[in-house]
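I opened this entry to record what I looked up around the ligand, in two helices and in the loops. The notes follow in the order in which I took them.

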Amino acid sequence: MEQSIESYIKNLVRDVIGQNLGGLELQCDRQTYVIANWKMNKDLNETAEFFQKINSSHDVSVVICPPTQLLYPTQLFIKQSGKPIGLGGQNVHWADKGAYTGETSGSMLTDVGSEYVIIGHSERRQYSFEDDELVNKKVQQALKSGLTPIICIGETLGQKSAMQTEQVLSKQIIGALKDIDTAHFILAYEPVWAIGTGQSATAELAQETHAYIRSILRQLMGQKAEGISILYGGSANERNAAEYSAMPDIDGVLVGGASLNAHVFDVIINAFAKGEQNS
Ligand code: PGA
């Protein structure tokens, strides 16, 4: 297994004295993200109001993923606000263009200013029957279109109870990254049982799972795995964000419900911004 001297020392220190060397994390160029997944929420007025209230931060990468019909106005609101905020779609079709009623292509997303796109969210896996093969095709299309894919993975409660978490996650990761030879993507670990339920994973459990996810990435891409941001998602909120931000393998959060209120979302952004300043 490939391992840099830097990550070897970092892991050794972590194992022997149980401390994370934050400075070395930074040298790995791993970015911290706080990403809002608005799902099917907000109209034009509510969106305008959100951007009047939000403060954001230069210390972390903040991205808003509104519903498709709000992408273009959101781009304008972001520009008007002058704040360092990125824009992302919630889904992309695998084809370049064509007779796919109701779908959105990668070039359509970039055309209205998107730089990111969420792929393989568990709600889409559940309601639109997206499987790993389709997720992989969408990841390929996103990269081809110049978008950064935010690839979502996560186990259901049944799979967790049956102790299948690692098996499920490794299958989802390997499936999503088939024939992908770049590290230009973000992974979001979103346990299905934690999404929208208020039952967030503890920071310790999330850290343990993220470390496992990174070990799979190491097997797939060697040292490049150290630079991949792995976000936690699933009832992340203003009360638990600081705990997640303190964990060495949690590089940000993908936030649903708690991203809808600008003040609440700002608290989450600040929790990660502070973590960055302290590292
Ligand atoms: P939640 O959703 O924060 O409302 O649990 C997260 C997500 O589904 O991305």
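**Ligand site.** I counted a residue as near the ligand if one of its heavy atoms lies within 4 Å of it. The model I consulted is a predicted one. I found that 13 residues surround the ligand, the closest being Lys-39, His-121, Glu-190, Gly-196 and Ser-235. I then sorted this shell by residue class and obtained four nonpolar, seven polar and two charged residues.

I next looked up polar atoms facing oxygen atoms of the ligand. For Lys-39, I noted a polar side-chain atom 2.7 Å from a ligand oxygen. For Gly-196, a backbone N or O atom lies 2.7 Å from an oxygen of the ligand. For Asn-37, a polar side-chain atom is 3.4 Å from a ligand oxygen. I also checked the cover: on its own the ligand has 290 Å² of accessible area, and the protein covers 95% of that.

**Lys-39.** I placed this residue in the loop between strand 1 (33-37) and helix 3 (44-53). Lys-39 is not a glycine, yet I read a positive phi of about 50° for it. Most residues other than glycine have a negative phi. Is Lys-39 buried or exposed? I recorded it as partly exposed, because its relative accessible area is 21% and the buried class ends under 20%.

**Asp-179.** I found a second non-glycine residue with a positive phi, Asp-179, at about 60°. Asp-179 sits in the loop between helix 9 and strand 6 (186-189). I recorded Asp-179 as exposed, since its relative accessible area is 62%.

**Thr-74.** I located this residue in helix 4 (residues 71-81). Its relative accessibility is 0%, so I entered Thr-74 as buried. What does Thr-74 contact, leaving aside its neighbours within four places in sequence? I listed Thr-47, Phe-51, Pro-66 and Leu-87. I also noted that a polar side-chain atom of Thr-74 lies 2.5 Å from the backbone oxygen of Leu-70.

**Helix 7.** I traced this helix over residues 132-144, which makes 13 residues. From first C-alpha to last I noted 18 Å, close to the 18 Å expected at 1.5 Å a residue. The buried residues I listed in helix 7 are Asp-132, Val-135, Asn-136, Lys-138, Val-139, Gln-141 and Ala-142. Their cover includes strand 4 (116-119), helix 6 (122-127), strand 5 (148-153) and helix 9 (165-176). Just after helix 7, I noted a positive phi of about 85° at Gly-146.

Methods:
Residues are numbered from 1 along each chain as its sequence is written. This is a predicted model: local features need pLDDT of at least 70, side-chain atom pairs count only at pLDDT 80 or more; totals for chains, interfaces and linings use all residues. Side-chain values use heavy atoms; hydrogens and water are left out. A polar contact is a pair of N or O atoms within 3.5 Å; within protein, one must be able to donate a hydrogen and the other to accept it, and residues adjacent in sequence count only if both atoms are side-chain atoms. Accessible areas come from the Shrake-Rupley method with a 1.4 Å probe; for residues, only the protein chains shown count as cover. Ala, Val, Leu, Ile, Met, Phe, Trp, Tyr, Cys and Pro count as nonpolar, Asp, Glu, Lys and Arg as charged, and the others, Gly among them, as polar. Helices (H or I, at least four residues) and strands (E, at least two) are DSSP runs, numbered from the N terminus. Buried means under 20% relative accessible area, exposed over 50%, partly exposed in between (1.4 Å probe, protein chains only). Contact means heavy atoms within 4.5 Å. The expected span of a helix is 1.5 Å times one less than its number of residues.
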